[in-house]
Amino acid sequence: MYYKFSGFTQKLTGAWASDAYNPQGLRPVVSTEAPPIIFATPTKLTSSYPAYDYAGKNKVPELQKFFQKPDGLPVHLKRGLPDQMLYRTTMALTLGGTIYCLIALYKAAQPRNKKTTCTFPCSWKTSDVGTWEH
Amino acid sequence: MNHQTHAFHMVNPSPWPLTGALSALLITSGLTMWFHFNSMTLMLLGLLACIMTMYQWWRDIVREGTYQGHHTPTVQKGLRYGMVLFIISEVFFFAGFFWAFYHSSLAPTPELGGYWPPAGINPLNPTEVPLLNTAILLASGVSITWAHHSLMEGHRKHVIQSLLTTIILGIYFTLLQASEYFEAPFTISDGIYGSTFFVATGFHGLHVIIGSTFLTVCLIRQLLFHFTSKHHFGFEAAAWYWHFVDVVWLFLYVSIYWWGS
C-alpha cells in the first residue's frame, strides 16, 4: 500500500505506486537556459533545402544585414531611391494640400453674395451658401 | 563605432508624424469643403496622404523591429502598454455610443410613442443575420487563438491556414452587415433609433475592417518569415484588437439587436 499526503484533507490517503515513484512534492528541474528560438521553418542552407511552398525562401537574414548597414541613412530612406520617391510624393501631397486648404479656407471665409448682409432674423431664401468653383 | 548602453530605442528622425498631422487637417477641412461646397478634392487628398503616412510609418516600424533588432524586451513592453492604452481609449469611444443608446431607449420620449423600439420602426430580427454574425465573430475568435498557439509551437502551415480563416470570417461578417444595411427597413435618419443603430453598428463595422486589415498585414508578415515562435508582438496586438472588436459586437448584439427589439 502506498500513501500520499492529501493537501485537501491534510491527511495521508491511499495512492498508487506511480505517485510514490513520482512524489508530488518534487518538481522536474526547470532548465535555466534560454529555449532555442524556433523559426517557423528550420534555418538550413538554401542549397540543401528545397524551395518552400509558401512564398519562397526566408529573406529575413539578408534584409537584416541590409538594413543594418552603417551608411547613416535614416530608416525611412534606407532603401534608397524607392523610399525617396515615396517620401517626396507624400510630402508634396501633404504640403501642397495644406497650402490648398489654407487658400480654400481663406476664400470660404469671404462673403460671396451681396445679399448676405441680412439682419437677424433673416429669411433663408435671401442668402445662400457660397458655391466653390474650380 | 557607436553602441548604445541601454535597452531603449532612440528612433531616427521621421517625417511621418508631420505628414500624418497635416493629412488630418486636410481630411477635416476636406469634409467641410465636401459638405458645404460640393468638392471632394481636399478630402481625397487628405485620405491619400493619410494612407501613405500609415503605410510608411508602419513599414518603418517593421524595419526597425524585424530587420534592425531594436525591439528588445524592454521596448516590446512599451509597445504592449501602448496597444493596451489604445484599446482602452477605443472602449471609451464605444462607451459614448452605448450611453447614447441607453439614454434614449431606457426612457423613450412621448414623440417616440413612449416605447422602444419607437413607433413606426420595424427592427431587424435578432435571430436571423445578426445571430449568424455573432457566430461568425465567435468562430473567428477561436481561429485566431488557434493561429496564436500554432505560431508559438512553430507550425507554419497551421498559422497561415488559421489566420486566413480568421480573415475570411471577418470579410464574411462585413459582407453580411453590408447587405443588412441595404435591406434594413429603416435608415439613419429615422429618428433616434436610426441614429443610434447605424452610428454604433457603423463604427463597429469600420473597426472590423481595420481589424481585418491588421490581420492581413500579419498574414503577409507571416508568409515573409517575420514572426518567430517567441517574438511576434505585431500578431499579438492584432489578436487583442480582434478580440476587442468581437466583444464590442457582443455588447451591440445584446443591447441594440436583442434587448432593443
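## Where chain B meets chain A: close-up views

**View 1. The shared surface.** About 3,900 Å² is buried between chain B and chain A, with 72% of that coming from carbon and sulfur atoms. (Buried area is the accessible area, taken with a 1.4 Å probe, that two parts lose when put together, summed over both.) B:Phe37, B:Tyr67 and B:Phe225 supply 18% of the area that chain B buries here, more than any other three residues. The model is predicted: local features need pLDDT of at least 70, side-chain atom pairs count only at pLDDT 80 or more, and totals for chains, interfaces and linings use all residues. Residues are numbered from 1 along each chain as written, chains are lettered from A in the order written, and side-chain values use heavy atoms, leaving out hydrogens and water.

**View 2. Who takes part.** Chain B brings 43 residues to the contact and chain A brings 43, where contact means heavy atoms within 4.5 Å.

**View 3. A charged handshake.** Look for A:Asp83 and B:Arg59, whose side chains meet in a salt bridge at 3.3 Å, N to O. (That's a side-chain nitrogen of Lys or Arg within 4 Å of a carboxyl oxygen of Asp or Glu.) The interface has 2 salt bridges.

**View 4. The helices of chain B at the interface.** Elements giving two or more residues to this side of chain B are α1 (16-37), α2 (41-67), α5 (156-183) and α6 (191-223). The largest share, 15 residues, comes from α2(B). Helices here are DSSP runs (H or I, at least four residues), numbered from the N terminus. Residues 41-58 of chain B are 100% helix, and their end C-alpha atoms lie 26 Å apart.
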